[in-house]
Amino acid sequence: MRISCMQDIAGGLEVLAATDPRLAPVIAVSGELPLRLSTPDFAGIASIIVSQQVSRASAGAIFGRLETLVKPLDAITFLAASNEVLREVGLSRPKQSALTNTAAAVVDGRLDLTGLCELPHDEAVASMLAVKGIGPWTAEIYLLFCAGHADIFPAGDLALQEAVRHALGLKERPADKQLREIAEIWSPWRGVAARLFWAYYRAIKDGRDGMPV
């Protein structure tokens, strides 16, 4: 099952509301949920790697330079880019390494970024984690926002952890493992639940956007 349009978001939200009554006030506060789908390709994964542990503004500026200086932004062209170009983009060494490893995996066929759309989510995550530099957060964000998987919940995301803590009245912010257990009730629409809690986080933080891409 994939999320590909706003009708999918609406349908998933309807199921979530019926499944978990605790979500009613979350839905009321959050407003309309964004679709936010990017392309399932190297440019898509590159935008996510760039966004790791930086503000949306910084990520946007760096990715804008990357798109300008590496044209077209695909795996082959990225591997051909000089170190001078990558430094001009503003990529840290760990991000350069992650992007290089990812591009190499795409070129030699170890990573099929488009094919991940059709794999079961556990297999898709495992395929991505086999690439050095891609961790669980990056893999799950890619599968959610590029591959369109409907049942992905990136429980390691701090904004999601804080949003769930606030919404469900938890004493402490749930760690990754605990949040995955909490999110099981929202399957098979955990991808919509993630969008809901990011929107909720944005609302309770005075309009600041908690979504990572």
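Buried residues account for 46% of the 213 residues in the protein. The model is a predicted one, and the values discussed here are computed from its atoms. Its secondary structure consists of 12 helices and zero strands; from the N terminus on, the elements run α-α-α-α-α-α-α-α-α-α-α-α. The radius of gyration is 17 Å, close to the 17 Å given by the globule rule for 213 residues, so the protein is as compact as a globular protein of that length. Taken along the principal axes, the C-alpha atoms fill a box of roughly 55 × 35 × 30 Å. Among the contacts with a separation of 6 or more, 67% are made by residues 24 or more positions apart.

Helix α7 offers a starting point for the interior. This helix comprises residues 93-107, and its 15 residues, at 1.5 Å a residue, should span 21 Å; the C-alpha atoms at its ends are 21 Å apart, which agrees with that expectation. The buried residues of α7 are K95, Q96, A98, L99, T102, A103 and A105. The elements that cover these buried residues include α3 (42-50), α5 (75-80) and α6 (83-89). After α7 comes G109, with a positive phi near 90 degrees.

Within α7, T102 merits separate attention. Its relative accessibility is 0%, under the 20% limit, so T102 counts as buried. The side chain of T102 reaches the backbone oxygen of A98 at 2.8 Å, and A98 is itself among the buried residues of α7. When neighbours within four places in sequence are left aside, T102 is in contact with F42, I45, I49, L111, V131 and I134.

A second buried polar residue to examine is H149, which lies in the loop between α9 and α10 (158-168). H149 has a relative accessible area of 6%, which is under 20%, and therefore it is buried. The side chain of H149 reaches the backbone oxygen of L116 at 2.8 Å. Leaving aside neighbours within four places in sequence, the residues in contact with H149 are M1, I3, L116, C117, L119, P120, H121, A124, L143 and L144. H149 and G11 are separated by 138 residues in sequence, and their C-alpha atoms are 15 Å apart in space.

The contact between H149 and C117 leads to the cysteines. The structure holds zero disulfides. A disulfide is a covalent bond between the sulfur atoms of two cysteines. For C117, the nearest cysteine sulfur is that of C146, 8.5 Å away, and C117 is in no disulfide. The relative accessibility of C117 is 7%, so this residue counts as buried. C5 is likewise in no disulfide, its nearest cysteine sulfur being that of C117 at 15 Å. With a relative accessible area of 25%, C5 is partly exposed, whereas C117 is buried.

The aromatic side chains complete the picture. A search of the whole structure finds four aromatic pairs. In one of them, the ring centres of F145 and W198 are 5.5 Å apart and the ring planes stand at 35 degrees, so the pair is tilted; an angle under 30 degrees would count as stacked and one over 60 as edge-to-face. This pair links distant parts of the chain, as F145 belongs to helix α9 (residues 136-145) and W198 to helix α12 (residues 190-204), 53 residues apart. Both F145 and W198 are buried.

Another tilted pair is formed by W186 and F197, with 5.1 Å from centre to centre and 40 degrees between the planes. W186 lies in the loop between α11 (176-183) and α12, and F197 lies in helix α12, so the pair ties together parts that are 11 residues apart in sequence. W186 and F197 are both buried. Together with F153, these two residues form one aromatic cluster. Helix α12 thus contributes a residue to each of the two pairs described here: W198 to the pair with F145, and F197 to the pair with W186.

How values were computed
Residues numbered from 1 in each chain as written. Predicted model: local features only at pLDDT ≥ 70, side-chain atom pairs only at ≥ 80, totals over all residues. Heavy atoms only, no water. Phe/Tyr/Trp six-rings, centres within 6.5 Å; stacked < 30°, edge-to-face > 60°. Helix = DSSP H or I, 4+ residues; strand = E, 2+ residues; numbered from the N terminus. Buried < 20%, exposed > 50% of the residue type's maximum accessible area, 1.4 Å probe, protein only. Contact = heavy atoms within 4.5 Å. Polar contact = N/O pair within 3.5 Å; in protein donor to acceptor, adjacent residues only side chain to side chain. Expected span 1.5 Å × (residues − 1). Disulfide = S-S within 2.5 Å. Rg over C-alpha atoms; globule rule 2.2 N^0.38 Å.
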